[in-house]
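Please open the model in a viewer and keep the sequence panel visible. The stops below are arranged so that each selection is followed by an account of what is found there.

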Amino acid sequence: NSIAVSVTANDGQSGLATSNTYKYYLNSELKQTTTETSYTFTGLIPETSYEIKVEAYDKANNKGTDTENVETEGHAWDLNKVNPEISDDSITVPVPKGYTASDATGERSVNDGFVIYEGTEEVNDGNVDTAKTTRNQFVWIPVPDISQIANQTSGTDGNIRQNYQGKLYDFSSTEATEKTSYGQGTTSYREPDVVTDYDGTRYDNDQQYVKTILGLANSDALKTQLQEEFNEMIASVDTYGGFYIGRYETGNLASNTNTKPVVVKGNEDISDVNWYYMYQNSKKVAANNNVVSTMIWGSMWDRALIWLTETGEKTYEEIENSATWGNYRDSTGAAATNSGSKQPTGTNEAWKANNIYDLAGNVSDRTIEAYSTINRVSRGGFYSVSGLDGPSSSRSINYNPSGTYSLSGTRLAFYVAL
């Protein structure tokens with residue numbers, strides 16, 4: 001998404017100009033006038049051709065010109081599905097058609113949280129408060145290399161896509177390191193996979209859940225579906241350089257498949273639904289065929305937390321003890337306001353990190369990640385534990401997928417459809 005240019009010029013008579021020596025053009029548009037012999041064009045689209053022109057001036061205002069046609073690397077974006085938007089920190093973000101990038105203060109920088117809203121009406125300082133409570137919102141999480149969130153496994157799926165599994169991390173107060181002894185083929189933390197209890201007959205193999213709610217024949221069909229969904233997500237992240245995460249915990253959860261969830265500020269219907277309804281209904285949030293909405297994967301959650309440290313928004317110490325920025329029984333400072341009990345999502349501005357609310361505390365967020373033969377992993381802790389016992393990085397494993405819990409909800413992720 002960038003092109004770096006360097007130039008060498010000399011003049012044996014009058015000499016080079018001492019000011020405004022070089023002019024750098026991108027597709028005939030002047031981008032920079034400077035005395036510097038190098039310049040980087042940023043905010044470009046991968047796998048796209050550009051014309052680069054440089055003009056050099058001498059003291060008599062004579063110019064020399066050189067032009068090059070170059071192409072950026074990476075995967076081509078489908079411009080029928082996304083609009084490339086340049087953030088305030090000069091990063092090109094693929095905004096899906098049918099959504100709009102925010103123009104509100106503090107919502108247009110990738111390193112501070114680049115926010116998109118469902119719908120095409122402009123969001124600005126004048127209407128942002130209303131938009132937060134009425135329009136689904138997502139924040140861009142950059143992933144420079146898919147090796148940060150996935151490991152390749154053997155074989156391909158029914159769509160002839162390479163198989164991958166989630167790359168999962170352990171967190172400490174100083175760093176994040178890849179887990180050991182995890183992944184498919186184990187009963188440890190892993191994704192994608194099913195949980196069918198010790199005898200293989202319950203949960204993902206119980207007709208009450210897998211057939212009635214998910215519309216699938218059995219756990220084998222679910223396992224195939226999860227692998228295909230994970231592979232598609234990884235292929236999209238590889239193409240577009242990242243994914244979107246729900247800005248708020250998912251609202252309008254319901255024990256039926258007729259209700260469409262929302263990702264808006266202030267929703268309080270954020271728990272008390274089993275994993276199967278959460279997983280199935282999460283697919284309905286996508287506004288059109290340009291995007292895919294999903295319950296978040298564990299590897300995506302890990303990436304979001306690591307990104308918070310990369311931007312300087314949070315330290316690993318705060319990731320491991322989140323009492324200063326989440327809803328817990330021992331929240332501190334500004335985070336203590338309204339803490340210690342379940343709150344509508346987005347209640348406290350102190351519970352925000354890079355424009356994402358309630359990654360720490362409030363209700364724990366269920367994921368697709370599996371553990372043992374009976375658990376789907378929940379992340380981020382919840383309101384009645386401490387910020388040390390249930391930090392943003394925590395993996396709660398005492399949740400079977402058929403159970404409903406007042407302290408357990410979910411969070412969406414969102415990626416460009418292929």
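Begin by selecting helix 4, residues 275-282: eight of its eight residues are buried, so this helix is largely enclosed by the rest of the structure. The model is a predicted one.

**Helix 4 and its start**

Display the side chains of the helix. The buried residues of helix 4 are W275, Y276, Y277, M278, Y279, Q280, N281 and S282. Next, add N274 to the selection and look at the start of the helix. There, a side-chain oxygen of N274 comes to within 2.9 Å of the backbone nitrogen of Y276.

**The hairpin of strands 7 and 8**

Select residues 82-86 and 92-96. These are strand 7 and strand 8, which pair in the antiparallel sense over five bridges. Two pairs of residues may be used to find the register: P84 is opposite P94 of strand 8, and V82 is opposite P96 of strand 8.

Which residue between these strands takes a positive phi? Five residues lie between the strands of this hairpin, and S90 has a positive phi near 60 degrees.

Now keep strand 8 alone. This strand is mostly covered, with five of its five residues buried. T92, P94 and P96 point one way from strand 8, while V93 and V95 point the other way; all are buried.

**An open sheet of four strands**

Select strands 3, 2, 5 and 6 together. They form an open sheet in the order 3-2-5-6, and the pairing is antiparallel. At the edges are strand 3 (29-34) and strand 6 (63-71), each of which pairs on one side only. On average, neighbouring strands in this sheet are turned by 20 degrees against each other, direction ignored.

Restrict the view to strand 2 (residues 22-26) and strand 3. Five bridges join these two antiparallel strands. One bridge to locate is that of Y22, whose partner in strand 3 is T34.

Then move to the loop between strand 5 (49-57) and strand 6, and select N61 in that loop. The phi of N61 is near 70 degrees, a positive value in a residue other than glycine. Is the residue buried or exposed? N61 has a relative accessible area of 57%, and because exposed means over 50%, N61 is classed as exposed.

**Two further loop sites**

Select N338, in the loop between helix 6 (316-320) and strand 18 (352-353). Although N338 is not a glycine, its phi is positive, at about 65 degrees. With 42% relative accessibility, N338 counts as partly exposed.

Continue to P192, which is placed in the loop between strand 15 (176-178) and helix 2 (207-210). Display the backbone from E191 to P192: the peptide bond there is cis, with omega near -5 degrees. Such sites merit a stop, because most residues other than glycine have a negative phi and most peptide bonds are trans.

**A buried arginine**

Select R379, which is placed in strand 21 (residues 375-379). At 0% relative accessibility, R379 counts as buried. Add E369, ten residues away along the chain, and check the C-alpha atoms of the two residues: they are separated by 9.9 Å.

**The largest pocket**

Finally, turn on a surface display. Rolling a probe the size of a water molecule over the atoms shows where empty space is left. The largest pocket holds about 450 Å³ of space.

Which residues lie nearest the centre of this pocket? Select N1, P46, P144, Y240 and G241; these lie nearest the centre, among the 22 residues of the lining. Strand 11 (137-142) and helix 3 (219-240) each supply at least two residues of this lining. Helix 3 gives the most, with four residues.

Colour the lining by residue class to complete the tour. The lining of the largest pocket has eleven nonpolar, eight polar and three charged residues.

Definitions and conventions
Residues numbered from 1 in each chain as written. Predicted model: local features only at pLDDT ≥ 70, side-chain atom pairs only at ≥ 80, totals over all residues. Heavy atoms only, no water. 1 Å grid on protein atoms, 1.4 Å probe; cavity = no way out; pocket = protein on both sides within 12 Å on 5 of 7 lines; lining within 4 Å. Points joined across faces, edges and corners; volume = space filled by probe spheres on them. Nonpolar A, V, L, I, M, F, W, Y, C, P; charged D, E, K, R; others polar. Pairing = 2+ DSSP bridges. Buried < 20%, exposed > 50% of the residue type's maximum accessible area, 1.4 Å probe, protein only. Polar contact = N/O pair within 3.5 Å; in protein donor to acceptor, adjacent residues only side chain to side chain. Axes fitted to C-alpha atoms, helices over the stretch in contact; angles between N-to-C directions.
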